[in-house]
Amino acid sequence: MNLPELRIGNLMPKLPIIQGGMAVRVSTAPLAGAVAEEGGIGLIAATGMGIEELRNEIRKAKEMTKGIVGINVMFAAREFAQLVKTAIAEGIDLIVSGAGFSRDMFSWGKEANVPIVPIVSSVKLAKISEKMGAAAVVVEGKEAGGHLGTTESIKKLIPEIKEAVKIPVIAAGGIINGFNIREIINLGADAVQMGTRFVASLESNVADAFKQLYVKARPEDVVVLESPVGLPGRGLLNKFTERLFNGETLTPQSCDGCLKKCSKRFCILKALVKAQQGDMENGLVFSGEKVHEIKDILPVKEIIRNLLNEFKMAGSEV
């Protein structure tokens with residue numbers, strides 16, 4: 001069995017592999033452009049960016065490649081509408097959105113002929129998305145990094161949602177290598193979205209200390225905490241998460257109001273920025289459940305080549 005052909009609206013990438021849009025400033029132009037250039041879909045994480053910054057990142061990525069470049073933006077972000085409309089104005093190829101559900105984005109996408117792809121974790125939301133005009137859905141299981149919308153495994157969700165909708169179903173969560181891709185495609189997925197594996201790439205825009213935490217991670221280092229967004233979030237144990245688990249309230253002294261709703265237990269934007277910049281003691285490091293399986297930091301080109309080789313090897317073992 002070969003990799004399936006993926007069609008999202010009028011887009012047809014060479015590979016059914018989407019690089020997850022990881023905020024804050026983890027997935028920027030160098031990573032998204034490199035994945036798109038290799039035939040996948042590269043996503044710039046718009047959450048936490050200013051409008052001009054996003055505009056510049058989209059332009060940089062488009063200079064790097066003629067491949068498919070999209071954005072991922074959290075609905076929970078206060079500037080959600082402005083970020084989506086800015087990306088559309090810059091000629092972005094598609095919009096992926098999670099952490100809440102926007103009905104408006106479907107009409108914006110329809111007007112501009114830009115495919116809208118919501119991140120969902122249930123049959124109900126997948127069906128609503130299809131009805132509202134989604135070009136595809138990213139189905140995220142409990143194995144994913146960052147904000148989680150379910151306690152169900154991706155292996156359970158994919159067959160259920162595939163049966164419920166006619167649009168492409170893209171699996172996300174716990175997909176680290178080509179063997180995982182083969183397994184999830186066999187369960188009915190039309191494509192995969194991979195975040196964690198691409199964090200440990202030369203092109204990802206995080207400090208080396210962040211990447212080193214990934215390659216040194218053990219299974220017991222992966223934790224789930226309550227995010228101020230109002231959703232559980234999966235990341236790695238460090239001094240910062242230990243303080244949260246010890247019951248400390250790290251209420252910020254100042255607040256930019258970046259979220260529509262926020263518990264203010266700690267500033268997630270500042271914690272993610274600190275991690276991205278290499279402050280491993282005061283930063284929040286999001287990661288997927290299987291991060292411990294990553295043992296090396298590689299260029300995107302090599303990561304994709306390895307994924308394709310592993311996918312072929314998995315087929316020959318059947």
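How many aromatic pairs does a search of the whole structure find? In this predicted model, the search finds five aromatic pairs, and some of them appear in the close-up views described below.

**Figure 1. The protein chain as a whole.** The protein chain contains twelve helices and eleven strands, and its C-alpha atoms fill a box of roughly 50 × 45 × 40 Å, taken along the principal axes. A compact globule with 318 residues would have a radius of gyration near 20 Å, and the value of 18 Å for the protein chain agrees with this. Buried residues make up 56% of the 318 residues, while the accessible surface comes to about 13600 Å², of which 50% belongs to carbon and sulfur atoms. Among contacts between residues at least 6 apart in sequence, 62% join residues at least 24 apart.

**Figure 2. The aromatic pair of Phe210 and Tyr214 in helix α9.** A pair of aromatic rings is described by the distance of the centres and the angle of the planes. For Phe210 and Tyr214, the centres are 5.6 Å apart and the planes stand at 40 degrees, and the pair is tilted. The two residues are separated by about one helical turn, because they are four residues apart in helix α9 (residues 208-216). Phe210 is buried, with a relative accessible area of 4%, and Tyr214 also counts as buried, at 2% relative accessibility.

**Figure 3. The aromatic pair of Phe240 and Phe266.** Here the ring centres lie 5.3 Å apart and the planes are at 80 degrees, so the pair of Phe240 and Phe266 is edge-to-face. The pair links distant parts of the chain, since Phe240 belongs to helix α10 (residues 239-245) and Phe266 to the loop between α10 and α11 (268-277), 26 residues apart. Both Phe240 and Phe266 are buried.

**Figure 4. An aromatic cluster, and charged side chains over rings.** Phe75, Phe80 and Trp108 are linked into a cluster by ring pairs. The charged end of Lys260 sits over the ring of Phe75, 3.4 Å from its centre. Elsewhere in the view list, Arg182 lies over the face of Phe311, at 4.0 Å from the ring centre.

**Figure 5. The surroundings of two serines, Ser129 and Ser153.** Ser129 lies in helix α5 (residues 123-132) and is buried, with a relative accessible area of 0%. Leaving aside residues up to four places away in sequence, Ser129 touches Phe101, Phe106, Pro118, Val120, Ala134 and Val137. Ser153, in turn, lies in the loop between β7 (146-147) and α6 (154-164), where its side chain makes a polar contact of 2.6 Å with the side chain of Glu143. With residues up to four places away again not counted, Ser153 touches Gly141, Lys142 and Glu143.

**Figure 6. Backbone details in two loops, at Ala23 to Arg25 and at Asn113.** The peptide bond from Ala23 to Val24 is cis, with omega near 5 degrees, and Val24 lies in the loop between β1 (17-19) and α1 (29-37). Arg25, which also lies in the loop between β1 and α1, has a phi near 60 degrees, a positive value in a residue other than glycine. Asn113 is found in the loop between α4 (104-112) and β5 (116-120), and its phi, near 60 degrees, is likewise a positive value in a residue other than glycine. Asn113 is exposed, with a relative accessible area of 58%.

Definitions and conventions:
Residues numbered from 1 in each chain as written. Predicted model: local features only at pLDDT ≥ 70, side-chain atom pairs only at ≥ 80, totals over all residues. Heavy atoms only, no water. Phe/Tyr/Trp six-rings, centres within 6.5 Å; stacked < 30°, edge-to-face > 60°. Buried < 20%, exposed > 50% of the residue type's maximum accessible area, 1.4 Å probe, protein only. Lys NZ or Arg CZ within 6 Å of the ring centre and 35° of its normal. Polar contact = N/O pair within 3.5 Å; in protein donor to acceptor, adjacent residues only side chain to side chain. Contact = heavy atoms within 4.5 Å. Rg over C-alpha atoms; globule rule 2.2 N^0.38 Å. Areas by Shrake-Rupley, 256 points an atom, 1.4 Å probe, with all protein chains shown as cover.
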